[in-house]
Amino acid sequence: MRAFDVLIPDGETLTTLPILRSLARKNVDVSIAVSSKNALSFYSRYCRNKIWCPSPREKTELFLKVLHKIIEKAYFEMLLPVGDCALVPLSENREKLPPHIKLPLATKEAIRTAFNKTLTLKLAIANEVPIPKTFFVKNMRDLRKASKEVSYPAVIKPNQSWVWGGDTAYHGRARYVDTPQSLISIYKSMHARFPFPIIQEYIPGITYSVGVLCNHSKLRAICCIKQHRTVPVSGGWATLRETVELDQRMKEYTLRLMKALNWHGVAEVEFKLDSRDSTPKLMEINGRFWGSTELAIVSGVDFPYLLYRMEVDGDVNPVVNYRVGIKRRWLQGDLERLLTLLTYSINSSEHVENFQKTREILHFLKFVGESYDSLYLDDPAPFLMSLMSSVVGFSTTLLRSRFKKVS
């Protein structure tokens, strides 16, 4: 089998590490480009080639120019962007890349749809995929109407998680509101940076992510993961997750969306199982590797290597079976979650169902029998460095919080 030299251009992204390990353990030559020496991937024994490159978050244009030179000089054959900040500008500027480079992504139009919540949700409506009750606001009249018609608590979500202001990328998160007045106020504030956010009803229930690999809409791999804990507390990156049997409705909805997009490459389709009517409601599509990629790998679906082989060989045999009941914990994220619980009150911007601080802390303290992201005996340095940094940050923030309360 022919091997390609792979370049991951955003090595600071947390998901880079399991992708690096996956490929390197199968003798794929992988290089990491980063803008900081603190990238976890740098501490891995599998990171044999480290390249400096400007950050796509802070200097997007320079990032693209330098990356072009890196590819030409070293003649990399495959570019594997991991995070939004590298993937989106690379997708938009793919015609400017050296013609020989493989970029295992969906079409530019499909990427735009997946990374835009309005377009994603309208695609879901057109394909009869259930979504939360959603308001697409175009003006103040729409906003006032939505504030009266939506049920509370309601959710305001940036239309895109990342937006570019000049040469810099800015990240936005969902906000939870309890009154029409707070909805209008927070909407206006969010709109100033993230134009025309969407307003949705809040869906109570558990979040599931369906990871897929498609070859021009044809399914080549799939894995379903249940989120037990997240950071932020109200929803975000999962800190404790578990592989579960795939709900056939989620599978059908995912396949409809992938077919409608003619999707190529990996994606995560996120649903919330509405506890009111037991219906999976589409939350979003992440057109890239996701935070629980490592859990999928250890459960038997090696998405990074399958994607790599699909690009090298043209196709792969489908992998649709995996081990269920496998749990994985992102300890550093769990520490950040605990810090939030200890130092801040949970308010409307951090809506949590049945929240009990004592119970949450006891769950965190369960260490025996847990398996942890990034922790491998043959490559322990990234986990130890990340843990050390998190503990220092945790202790510093906690002491500052206590000092402020005393003074």
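I8 stands opposite I32 of strand 2. The two residues belong to a parallel pair, in which 3 bridges join strand 1 (residues 6–8) to strand 2 (residues 30–34). Strands here are DSSP runs of E with at least two residues, and helices are runs of H or I with at least four, numbered from the N terminus; two strands pair if DSSP finds at least two bridges between them.

Before I continue, a word on the source. This is a predicted model, in which local features need pLDDT of at least 70 and side-chain atom pairs count only at pLDDT 80 or more, while totals for chains, interfaces and linings use all residues. Residues are numbered from 1 along each chain as its sequence is written, and side-chain values use heavy atoms, with hydrogens and water left out.

Strands 1 and 2 belong to an open sheet of 4 strands, ordered 3-2-1-4, with parallel pairing. Its edges are strand 3 (49–52) and strand 4 (78–79), each of which pairs on one side only. Helix 2 lies across strand 1, strand 3 and strand 4, at about 160° to strand 1. Contact means heavy atoms within 4.5 Å. Axes are lines fitted to C-alpha atoms, for helices over the stretch in contact, and angles run from 0 to 180 degrees between N-to-C directions.

How do helix 2 and helix 3 pack? Helix 2 (residues 60–74) and helix 3 (residues 84–92) meet at an angle of about 70°, with their axes 11 Å apart. The two helices are therefore roughly perpendicular; angles under 35 degrees count as roughly parallel, over 145 as roughly antiparallel, 65 to 115 as roughly perpendicular and the rest as oblique. Helix 2 contributes T60, F63, L64 and L67 to the contact, and helix 3 contributes A86, P89 and L90. These residues divide into 6 nonpolar, 1 polar and no charged. Ala, Val, Leu, Ile, Met, Phe, Trp, Tyr, Cys and Pro count as nonpolar, Asp, Glu, Lys and Arg as charged, and the others, Gly among them, as polar.

I turn to another sheet. Here 6 strands form an open, antiparallel sheet in the order 15-14-11-12-13-16. Strand 15 (280–286) and strand 16 (327–329) are the edge strands. Within the sheet, 6 bridges join strand 12 (residues 218–231) to strand 13 (residues 237–243), and K226 stands opposite E242 in strand 13. Helix 10 (residues 303–313) lies across strand 11, strand 12 and strand 14, at about 25° to strand 11.

Finally, the empty spaces. On a 1 Å grid over the protein atoms alone, a cavity is a set of points where a 1.4 Å probe fits but cannot get out, and a pocket is an open set with protein on both sides within 12 Å along at least five of seven lines; lining residues have an atom within 4 Å of a point. Grid points are joined across faces, edges and corners, and a volume is the space filled by probe spheres set on the points.

How many cavities of 30 Å³ or more does the search find? The whole structure holds 3. The largest has a volume of about 160 Å³. Its lining has 13 residues, and L14, G291, W330, D373 and S374 lie nearest its centre. The second largest pocket has a volume of about 360 Å³. Of its 15 lining residues, the closest to the centre are L14, Q332, S386, S389 and S390.
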